[in-house]
Amino acid sequence: KGVQPKMGVISTKGVVGLVYDVSDHYAVVKSILTENINLSAYMDDSKAFGLIKYKGMNPLQVQLTGISNDIEVSEGVTVYTKGSGGFFPNGIPIGRINKFQAVEGMPLWKIDVDLFQDMRKLHYVFVIKNIYSEELEQLEANILNNE
C-alpha cells in the first residue's frame with residue numbers, strides 16, 4: 001500500500017516511531033522507545049531544539065537532549081517534532097516536559113518528557129509520506145558528493 005522504510009508513524013496523540021522495514025503485507029515500526037532513534041524536536045515556548053532520545057528506563061518517558069542551560073526551561077511545556085529530518089512534519093506533538101535539571105559538568109539541561117502516546121495502549125496509527133523525500137535525499141546526496 002505504499003508504506004516504505006523511514007516513514008514517520010503517529011497516532012492521534014502524537015509521535016509513535018519510524019517504519020523500519022516492509023514486506024508485501026506487513027511493516028515493522030521502530031518506536032520512539034528505541035534507543036538508536038534520535039528525533040529532532042523543539043520546546044513550544046522558547047523554540048529551542050534538541051534531540052529526543054529514549055534512555056531505556058521508563059516506557060512513558062523520553063529525554064530532550066542538547067538544550068543549553070542558558071535557555072529557560074519550564075515544566076509542562078509541550079515538545080514537538082522539528083521536521084528537519086524529513087520523517088515528520090514540523091509541529092507533531094511528542095510530549096510534555098515533566099522535570100529538568102542541569103547536567104553535572106556540562107552546560108546542558110537533562111530534560112525528561114512524558115510522552116503523549118502510551119505505547120502500551122496503542123491500537124491504530126497513521127503513516128506519514130513525505131512527498132518531497134526524493135528532493136531532500138538528492139540535496140543530501142549533493143552535499144556528500146561535494147565534500
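**Figure 1. Strand β5 pairs with strand β6.** Strand β5 (residues 49-53) and β6 are joined by three bridges and pair in the antiparallel sense. One of the residue pairs to look for is L51, whose bridge partner in β6 is T65. The model shown here and in the other views is predicted. As background, strands of a sheet pair through backbone hydrogen bonds, and the pairing can be parallel or antiparallel.

**Figure 2. Strand β6 also pairs with strand β9.** Four bridges link strand β6 (residues 61-65) to strand β9 (residues 109-115), and the pairing is antiparallel. Two residues of β6 can be followed across to β9: L64 stands opposite I111, and Q63 stands opposite D112.

**Figure 3. Strand β6 is covered on both faces.** Five of the five residues of β6 are buried. Q61, Q63 and T65 lie on one side of the strand, V62 and L64 lie on the other, and each of these residues is buried. Two of them appeared in the earlier views: T65 as the bridge partner of L51, and Q63 as the residue opposite D112 in β9. A residue counts as buried here when its relative accessible area is under 20%.

**Figure 4. Six strands form a closed barrel.** The strands of the barrel run in the order β4-β5-β6-β9-β8-β7, with antiparallel pairing. Neighbouring strands of this sheet are turned against each other by 40° on average, direction ignored. In the barrel order, β6 sits between β5 and β9. Its pairing with β5 has three bridges, and its pairing with β9 has four.

**Figure 5. Four strands form an open sheet.** The order of the strands is β3-β2-β1-β10, and the pairing is antiparallel. Strands β3 and β10 (126-128) are the edge strands, each pairing on one side only. From one strand to the next, the twist averages 40°. At the β10 edge, three bridges join β10 to strand β1 (residues 8-10), and these two strands run antiparallel. Within this pair, G8 stands opposite I128 of β10.

**Figure 6. A hairpin joins strand β2 to strand β3.** The connection between β2 and β3 is made through four residues. The two strands pair in the antiparallel sense over five bridges, with β3 covering residues 27-31. Among the pairs, D21 has V28 in β3 as its bridge partner.

**Figure 7. The largest pocket has a volume of about 400 Å³**. Of the 17 residues that line the largest pocket, K6, N130, S133, E134 and E137 are the closest to its centre. Helix α1 (residues 133-145) gives the most to this lining, with five residues. Sorted by class, the lining has six nonpolar, six polar and five charged residues.

**Figure 8. The second largest pocket has a volume of about 170 Å³**. Its lining consists of K6, L18, V19, Y20, K30, N36, I37, N38, L39 and F87. Strand β2 (residues 15-22) supplies the largest share, three residues. By class, the lining divides into six nonpolar, two polar and two charged residues. Which residue near the centre of the largest pocket should be looked for again in this view? K6 is among the residues closest to the centre of the largest pocket, and K6 also lines the second largest pocket.

How values were computed: Residues numbered from 1 in each chain as written. Predicted model: local features only at pLDDT ≥ 70, side-chain atom pairs only at ≥ 80, totals over all residues. Heavy atoms only, no water. Pairing = 2+ DSSP bridges. Axes fitted to C-alpha atoms, helices over the stretch in contact; angles between N-to-C directions. 1 Å grid on protein atoms, 1.4 Å probe; cavity = no way out; pocket = protein on both sides within 12 Å on 5 of 7 lines; lining within 4 Å. Points joined across faces, edges and corners; volume = space filled by probe spheres on them. Nonpolar A, V, L, I, M, F, W, Y, C, P; charged D, E, K, R; others polar. Buried < 20%, exposed > 50% of the residue type's maximum accessible area, 1.4 Å probe, protein only.
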